[in-house]
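Thank you all for coming. Please bring the sequence and the structure up on your screens, and I will walk you through them slowly.

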Amino acid sequence: MAKLEKVPHLRQEKRKKNTNRQLLGLMLLFFLVVLLVLFFRSSMSRVQDISVTGTEIVKADEVVQQSQVKLNMQYLFVDTDKVAASIKNSIPAIDTVRVEKSFPGKVRIIVKEKQRVALWMDGRGTLYPVTAMGDILKEYANPRDSVDKPIIRQWQTAALLPKFAVELAKMDQGIRQQISEISHQPSASDPERVILFMKDGYEVHTTVTDFARNMAWYPSFVQSLKREGRVEGIINLSEVKWFEPYKQQQQQKQGESDKKS
């Protein structure tokens with residue numbers, strides 16, 4: 001009989017413990033919900049600061065606008081991958097994007113712009129950056145870096161521009177900075193002929209194919225010419241390399257003119 005009386009007492013204790021656990025669980029859930037509500041209603045849950053680094057010709061405001069991230073939006077809902085993709089797909093001058101979040105409420109956008117190798121001049125004299133892939137960034141007229149990039153003043157075949165831009169990117173930066181203007185003037189024998197006007201007064205005739213390799217000869221070729229006192233003229237840098245002073249060329253033209261008359 002004594003054993004039969006203990007069984008309901010144990011069940012009662014066990015049921016009481018279970019009830020207490022359920023109450024405790026409900027209380028914890030309640031407090032958790034309260035904390036979440038308070039958090040999402042507080043400023044700590046929202047984006048409080050957006051910073052952009054790495055821009056040169058692109059304005060930081062444009063990057064923020066295309067990121068779709070706004071002040072006071074929910075910080076936890078900012079998807080860094082989607083933000084990076086949105087910026088890269090919207091701004092053609094951007095090469096790579098990295099987005100970092102740090103609590104509380106900070107979003108940092110780090111961009112790297114595409115390499116620019118030249119400037120394109122249109123008929124009105126407006127300059128546009130040309131990327132190493134041959135894209136003309138017409139959204140960014142007259143960029144700040146106009147001084148240290150060669151200007152493409154004339155270009156006959158648009159399909160050749162990407163190939164030429166790749167060659168410009170490959171060449172030594174010091175030599176590239178010596179180029180003042182570039183003109184694509186195809187001839188009957190060379191549809192890829194380009195003519196360069198250099199800052200030191202020389203004129204270079206070469207071709208798009210192997211442009212970077214041919215131009216690597218320029219510093220030593222010019223050094224040799226200057227030692228000989230020949231400071232102005234045409235330098236041909238293609239398969240065959242030669243120099244022709246301007247005076248000699250003018251005399252040839254005069255002779256041809258005299259024969260015709």
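Let me begin with a term for the surface: patches are made of residues with over 30% relative accessible area and no salt bridge, where like charges are joined within 9 Å and nonpolar side chains (Val, Leu, Ile, Met, Phe, Trp, Tyr) within 5 Å. Accessible areas come from the Shrake-Rupley method with a 1.4 Å probe, and for residues only the protein chains shown count as cover, while a salt bridge is a side-chain nitrogen of Lys or Arg within 4 Å of a carboxyl oxygen of Asp or Glu. With those terms in hand, you can find a nonpolar patch of about 630 Å² on the surface, made by L23, L26, L29, L32, V33, L36 and V37.

Before going on, I should say that this is a predicted model, in which local features need pLDDT of at least 70 and side-chain atom pairs count only at pLDDT 80 or more, whereas totals for chains, interfaces and linings use all residues. Residues are numbered from 1 along each chain as its sequence is written, and side-chain values use heavy atoms, with hydrogens and water left out.

Now to the overall layout. The chain has eight helices and eleven strands, both taken as DSSP runs numbered from the N terminus (helices are H or I with at least four residues, strands E with at least two). L36 from the patch sits in helix α1, residues 2-41, and is partly exposed at a relative accessible area of 41%; here buried means under 20%, exposed over 50%, and partly exposed in between, with a 1.4 Å probe and protein chains only. Of the 261 residues, 35% count as buried.

How are the strands of the open sheet ordered? Eight of them run β5-β4-β6-β7-β8-β9-β10-β11 with mixed pairing, two strands being paired if DSSP finds at least two bridges between them. At the edges are β5 (127-131) and β11 (241-245), each of which pairs on one side only. Within the sheet, β9 (202-207) and β10 (233-237) pair in the parallel sense over four bridges, and H205 stands opposite N236 in β10.

Two helices pack on this sheet, and contact here means heavy atoms within 4.5 Å. Helix α4 (161-170) touches β4, β5, β6, β7 and β8, and its direction makes about 135 degrees with that of β4. Helix α7 (218-227) touches β8, β9, β10 and β11, at about 145 degrees to β10; the axes are lines fitted to C-alpha atoms, for helices over the stretch in contact, and the angles run from 0 to 180 degrees between N-to-C directions.

Turning to charges, a search of the whole structure finds nine salt bridges. One of them joins R153 and E181, whose closest N and O atoms are 2.8 Å apart, and this pair links strand β6 to strand β7 across 28 residues. Another joins K163 and E192 at 3.2 Å, N to O; K163 lies in helix α4 and E192 in the loop between β7 and β8, so the pair ties together parts 29 residues apart in sequence. Of these two, K163 is partly exposed at 37%, whereas E192 counts as buried at 17%.

Finally, some backbone details. Most residues other than glycine have a negative phi, and most peptide bonds are trans. Against that background, F103 and P104 are joined by a cis peptide bond with omega about 5 degrees, and N72 has a positive phi near 75 degrees.
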